[in-house]
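Biologist: I should be grateful for a close look at one part of this predicted model, with enough of its surroundings to place that part in context.

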Amino acid sequence: MIVDNELLAAYAEGNVSHEEREAVRQYLAANPDMMESVLFAMGDADDNVDSYIENLGAMLDGMEARALHAQPSTLPMTAMAAQNIIDNSCVIRCEGIALRHFGIMVSDEDLLARSRAEGWQKPSGTALHNIGRLAGMQGLSVSHRYHCSVEDIREALSAGSVVIAAVDANELVGNYAAEKRKDTSEGLTPNHVVVVESVGEDFVTITDSATPQQHDAYPLPQFVDAWDDSSRYLIVISDGEDYEPHPIDLSDVEISDDLIELREAIAENAHEVWAYNRKLEGWTYGPERDDAKKLHPDMMAYNRLPESEKLYDREMAMNTIKLLKKLGWNLTKEK
């Protein structure tokens with residue numbers, strides 16, 4: 001297995017398989033000169049490298065534990081992107097760059113006014129889930145993606161898309177080691193968005209409205225660490241039809257038995273809503289679907305549907321319940 005900078009960055013934030021973990025540990029044991037950069041990525045740059053090398057196994061165990069502890073249990077959908085040297089409108093400036101990239105000439109001032117009118121831009125910034133709304137209103141394709149990889153960024157850039165990444169700005173322009181320790185004690189805190197220009201083997205180049213020079217390059221592990229605070233959230237903007245579904249991974253969400261019962265109620269009601277709206281449009285039951293005559297075989301009571309049809313509604317209901325938990329909401333039953 002080849003241990004490159006991307007794998008080292010993934011290791012530093014605890015996102016590797018068992019095989020990858022062992023490969024990195026062997027690599028660091030054989031290449032102690034690389035230890036400093038890994039320590040830097042894990043927030044231990046202020047410590048003595050030589051003393052760590054003497055006890056390599058224990059040191060790596062400790063850093064892995066801290067990295068895994070810092071992983072978010074919920075997605076920061078409502079976190080506010082606000083940091084900027086001028087105001088709290090980093091989202092506006094990133095979307096302005098995207099729009100002008102695709103030939104839509106609009107000023108940041110006009111975008112700011114529209115975002116405020118729609119209620120997206122607030123005094124505290126713009127929530128992560130509202131990034132891309134302005135571009136969408138201009139007819140561009142906007143994809144919101146969590147749990148992305150560096151390769152996802154490269155692929156989107158190669159396709160000609162504009163890529164906006166949500167990050168912790170303090171891990172880019174502040175005291176990196178202190179911010180890493182803060183992640184462990186207080187949790188991950190995305191507060192900024194940047195436009196990613198390119199991703200090389202060692203560095204990531206970005207356009208950042210929070211710095212005077214605006215065009216900046218950061219070591220790949222440092223950028224990934226700052227990006228990890230948003231659960232690697234990307235907004236991919238394009239003007240084409242190359243839509244690729246990117247649902248949120250809910251495989252780690254567990255739900256209780258009472259919520260499983262709720263699933264069936266949601267599934268049945270979803271069918272009722274669908275059938276009600278179809279009936280308003282003039283649809284009735286028919287053994288086979290006929291769009292011209294507005295006949296549909298599913299225009300019947302939920303309990304009479306074939307199990308194959310109920311499965312779709314149940315999956316939608318289960319994913320809705322899991323998504324609420326993943327985004328930080330708790331469902332409780334009133335007694």
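The request that follows concerns a single helix and its partner. Which residues of α6 are buried, and which residues of α6 and α7 meet?

Modeller: The model is a prediction, in which local features need pLDDT of at least 70 and side-chain atom pairs count only at pLDDT 80 or more, while totals for chains, interfaces and linings use all residues. Residues are numbered from 1 along each chain as its sequence is written, and side-chain values use heavy atoms, with hydrogens and water left out.

The setting may be described first. The protein has 335 residues, of which 44% count as buried (under 20% relative accessible area with a 1.4 Å probe, protein chains only; exposed is over 50% and partly exposed lies in between). Its secondary structure comprises 14 helices and 11 strands (DSSP runs numbered from the N terminus: H or I of at least four residues for helices, E of at least two for strands). Among contacts (heavy atoms within 4.5 Å) with a separation of 6 or more, 65% join residues 24 or more positions apart.

Helix α6 covers residues 90-101. Its 12 residues reach 17 Å from the first C-alpha to the last, close to the 16 Å expected at 1.5 Å a residue (1.5 Å times one less than the number of residues). Nine of these 12 residues are buried, so α6 is largely enclosed by the rest of the structure. The buried residues are C90, V91, I92, R93, C94, E95, G96, A98 and L99.

The C-terminal part of α6 deserves separate attention. R100, which belongs to α6, is partly exposed, with a relative accessible area of 31%. Beyond its neighbours within four places in sequence, R100 contacts M105, V106, S107 and D108. H101 is also found in α6. Residues up to four places away in sequence aside, H101 touches G160 and V162. The C-alpha atom of H101 also lies 9.7 Å from that of S238, although 137 residues separate H101 and S238 along the chain. Just after α6, G103 adopts a positive phi of about 85 degrees.

The partner in question is helix α7, residues 108-118, whose axis comes within 9 Å of that of α6 and crosses it at roughly 120 degrees (axes are lines fitted to C-alpha atoms over the stretch in contact, and angles run from 0 to 180 degrees between N-to-C directions). The two helices α6 and α7 are therefore oblique to each other (under 35 degrees is roughly parallel, over 145 roughly antiparallel, 65 to 115 roughly perpendicular, and the rest oblique). The crossing of α6 and α7 is right-handed (the near helix is turned clockwise from the far one by less than a right angle; anticlockwise would be left-handed). On the α6 side, I92, R93, E95, G96, L99 and R100 take part, and they meet D108, L111, L112 and S115 of α7. By class, this contact has four nonpolar residues (Ala, Val, Leu, Ile, Met, Phe, Trp, Tyr, Cys and Pro), four charged residues (Asp, Glu, Lys and Arg) and two polar residues (the others, Gly among them). An α-helix has 3.6 residues a turn, so residues three or four places apart point the same way.

A second helix pair may be set beside this one. The axes of α13 (residues 257-280) and α14 (residues 307-326) come within 8 Å and cross at roughly 125 degrees. Helices α13 and α14 are therefore likewise oblique to each other, and α13 passes α14 in a right-handed crossing. Here L259, I260, L262, R263, E264, I266, A267, A270 and H271 of α13 make the contact with D313, R314, M316, A317, M318, I321 and K325 of α14. The residues of this contact comprise 10 nonpolar, one polar and five charged. Helix α13 itself has 24 residues and reaches 36 Å from its first C-alpha to its last, close to the expected 34 Å. In α13, the buried residues L259, A267, H271, A275 and R278 pack against α14. As G103 follows α6, so G282 follows α13 with a positive phi, near 100 degrees.

Helix α12 (residues 220-228) adds one further case, since nine of its nine residues are buried. In the loop between α12 and β9 lies R232, which has a positive phi of about 55 degrees although it is not a glycine. R232 is buried, with a relative accessible area of 8%.
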